[in-house]
Amino acid sequence: MRFMSNNQWANDQNRPAWAARGEDCSAPVREKSFAAIYSKLLPDAIGFQEVSPLMLECLMRELQRNGTPYAALWGRDTPILYRADKLELIDSEFGIYPSECPGYDGCFNNFDSKSWNIAVFREKSSGRQILFASTHLWWMQDEPSDDPHAAFQPGSNAARVYQLGLLMDRIALYEQKYACPSILVGDLNCPYHSDPIRSAFARGFRHANDVADKAYPYHGYHWCGGDGYEPYVPQPFEHAIDHILIHGDLHVLRMERYIDDSYLPLSDHFPAYVDVE
């Protein structure tokens, strides 16, 4: 089975800087390319981040035109798509993270965009069950940096630990109910050697890059935003902020990121996916 994580960059309309270069970053234009990628790779389920209602509508229309049998599980900015011909949805739950983080001042959820979505699937051919969760954690850094695109707010790392802990608590309840393994994907907005990832390890999760028979060794991120986009400069996977975490009895055959120059104007996050058995 193949499971994917993809932050699509929530942007509906074309931007002046793009139009000045004769390019179009609107949802209808970008979703045509996203749909072509999914129709090519055919993940069994895709966990999204930063997907607006318009983007999801455009994507579903394009997938329908391509004849790709996906169904959508609503989840605000973190919806899930799944292969309706292969998977049966038997349970689900959506949640928005609280704006506060215990012990810290300030808001840690901009526009209620930081959320999680849980789906429990039954594979139609085998009857086996699996939990699939997508999430988007708080985005700012704890400290100032030289990155012109970065912002910081004290307590940001603690907020990510707190949010991920809330999600893992929910996952544990569904794992107990259905006695199934789990795959947690998403834009965690933190690198591999960070407290949120360590907190997942402490609860028995494994990073797909660590346990896969074959893993993509780089981070899969580049700048793409309202002022344009930049080339992809690979960095070690430890710099990645899009992660796939495994819990339970699953064999990860491959951990991959879809890297192609044609993807550069679509989103700052290249899709990450795993093949598991």
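Mentor: Buried means under 20% relative accessible area. Keep that cut-off in mind. This model is predicted.

Trainee: Is Ser-26 buried or exposed?

Mentor: Apply the cut-off. Ser-26 has a relative accessible area of 10%, so Ser-26 is buried.

Trainee: Where does Ser-26 lie?

Mentor: Look at the elements on either side. Ser-26 sits in the loop between helix 1 (16–20) and helix 2 (27–41).

Trainee: Which residues is Ser-26 in contact with, leaving aside its neighbours within four places in sequence?

Mentor: Ser-26 is in contact with Asn-11, Asp-12, Gln-13 and Asn-14.

Trainee: With which side chain does the side chain of Ser-26 make a polar contact?

Mentor: The partner is the side chain of Asp-24, at 2.8 Å.

Trainee: Now the pockets. What volume does the largest pocket have?

Mentor: Its volume is about 1,300 Å³. The lining has 44 residues, and the closest to the pocket's centre are Trp-139, Asp-147, Asn-189, Tyr-221 and Ile-241. Helix 4 (156–178) and strand 11 (224–225) are the elements that each give two or more residues to this lining.

Trainee: How do the residues of that lining divide?

Mentor: Sort them by class. In the largest pocket, 15 are nonpolar, 16 polar and 13 charged.

Trainee: What about the second largest pocket?

Mentor: Read it in the same steps. The second largest pocket has a volume of about 200 Å³. Its lining includes Met-1, Glu-123, Pro-181 and Glu-277. By class, the lining of the second largest pocket holds five nonpolar residues, one polar and four charged.

Technical notes: Residues are numbered from 1 along each chain as its sequence is written. This is a predicted model: local features need pLDDT of at least 70, side-chain atom pairs count only at pLDDT 80 or more; totals for chains, interfaces and linings use all residues. Side-chain values use heavy atoms; hydrogens and water are left out. On a 1 Å grid over the protein atoms alone, a cavity is a set of points where a 1.4 Å probe fits but cannot get out, and a pocket is an open set with protein on both sides within 12 Å along at least five of seven lines; lining residues have an atom within 4 Å of a point. Grid points are joined across faces, edges and corners, and a volume is the space filled by probe spheres set on the points. Helices (H or I, at least four residues) and strands (E, at least two) are DSSP runs, numbered from the N terminus. Ala, Val, Leu, Ile, Met, Phe, Trp, Tyr, Cys and Pro count as nonpolar, Asp, Glu, Lys and Arg as charged, and the others, Gly among them, as polar. Buried means under 20% relative accessible area, exposed over 50%, partly exposed in between (1.4 Å probe, protein chains only). A polar contact is a pair of N or O atoms within 3.5 Å; within protein, one must be able to donate a hydrogen and the other to accept it, and residues adjacent in sequence count only if both atoms are side-chain atoms. Contact means heavy atoms within 4.5 Å.
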